[in-house]
Amino acid sequence: MIKLFFPMTAIEQLLSDTAHRTFDYPKSRWIYYQEWNNALFLHWKVPVTLLEKLVPEKLNIDTFDGHAYVSLVAFTMQKIRPRNLPAITFISDFDEINIRTYIDNDNKKGVYFLNIEAAKSLSAYIAKKLSGLPYEKSVINRSDTSYSSYNTQKAFALETEFEIKEPISSKTALDKWLTERYCLYLDQEKSLYRYDIHHKEWEIKNVHLKQLSLNYTIDNISLSNTPDFIHYSDGVKVVAWERSKI
């Protein structure tokens, strides 16, 4: 009998790489593909009591060694598309900044977004409409080693220049805790939802901040110009599932 061999597709390879996950992704079919590229992560320790005012009561704020965290992630979203359909560049590719904190519900470690900004009005509108996530428009500009954003509606601002350094070959437990998150939590119309996602383990690098000036104040949380930890990654390819009610 002749056996035919077909090489694995890129998505099949992605889905087969699961050793880094702490829980299984859904058995149902994924519905969206996207890439999160050239990502700068800035992380701050934040008192849990301040986050309790911002996070729905039924979501458990995750902590590491007794500390809660809020992170600003500035990256470029690319090639976002529904399954079996092509990406439309002028909608699917845009710079983004999200402010997130960390959740652990039912042993499924994920993130909860306190704010999300996108550089394109149409992309922000469509993303918010389809996902329910709190997207809004901001004026964003970036280069390989800089990122700036101005959100006049909320008076949020970011200006940073950075130098990308060597890869982190041996990650700490905190490095993994801050980056390896495989679901997003959402509250919408008095209901809670979870979006499961999957990607390969983040390949992260050290980064030196040459300059950082920011103004992000959400309730009583004000992010300072000196984050506690920083990371950089060239990016990951991501698949996402339909949201599930929790």
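This text walks through a helix, a surface patch and several salt bridges in a predicted model.

A convenient place to begin is helix α4, which spans residues 121-131 and contains Tyr125. The buried residues of this helix are Ser123, Ala124, Ala127 and Ser131. Viewed down the axis of α4, these buried residues fall within an arc of 100°, and so they line one face of the helix. An α-helix has 3.6 residues a turn, so residues three or four places apart point the same way. The cover over the buried residues of α4 includes helix α3 (89-92) together with the strands β3 (94-105), β4 (108-118), β5 (135-137), β9 (183-188) and β10 (191-198). On the other side of α4, Tyr125 and Lys129 are exposed. Just after the helix, Gly132 adopts a positive phi of about 85°.

Tyr125 deserves a second look. Its relative accessibility is 52%, and because exposed means over 50%, Tyr125 counts as exposed. Together with Ile88, Phe90 and Leu122, Tyr125 makes a nonpolar surface patch of about 440 Å².

From the nonpolar patch we turn to charged side chains, for the structure holds 10 salt bridges. One of these joins Lys79 to Glu35, with the closest N and O atoms 3.9 Å apart. This pair links distant parts of the chain, since Lys79 belongs to strand β2 (residues 68-82) and Glu35 to strand β1 (residues 32-46), 44 residues apart. Lys79 is partly exposed, having a relative accessible area of 44%, whereas Glu35, at 8% relative accessibility, counts as buried.

A further salt bridge brings together the side chains of Lys109 and Asp62, at 2.7 Å from N to O. Lys109 lies in strand β4 and Asp62 in the loop between α2 (48-51) and β2, so the pair ties together parts that are 47 residues apart in sequence. Here Lys109 is partly exposed, with a relative accessible area of 24%, while Asp62 is buried, with a relative accessible area of 7%. Both residues also take part in a network of salt bridges that links Asp62, Asp104, Lys109 and Arg181.

The side chains of Lys171 and Glu180 likewise meet in a salt bridge, at 3.7 Å from N to O. Which side of the burial cut-off do these two residues fall on, given that buried means under 20% relative accessible area? Lys171, at 19% relative accessibility, counts as buried, and Glu180 is buried too, with a relative accessible area of 11%.

Note on methods
Residues numbered from 1 in each chain as written. Predicted model: local features only at pLDDT ≥ 70, side-chain atom pairs only at ≥ 80, totals over all residues. Heavy atoms only, no water. Patch = residues over 30% accessible without salt bridge, like charges linked within 9 Å, V, L, I, M, F, W, Y side chains within 5 Å. Areas by Shrake-Rupley, 256 points an atom, 1.4 Å probe, with all protein chains shown as cover. Salt bridge = Lys/Arg side-chain N within 4 Å of Asp/Glu carboxyl O. Helix = DSSP H or I, 4+ residues; strand = E, 2+ residues; numbered from the N terminus. Buried < 20%, exposed > 50% of the residue type's maximum accessible area, 1.4 Å probe, protein only. Arc of directions from axis to C-beta. Contact = heavy atoms within 4.5 Å.
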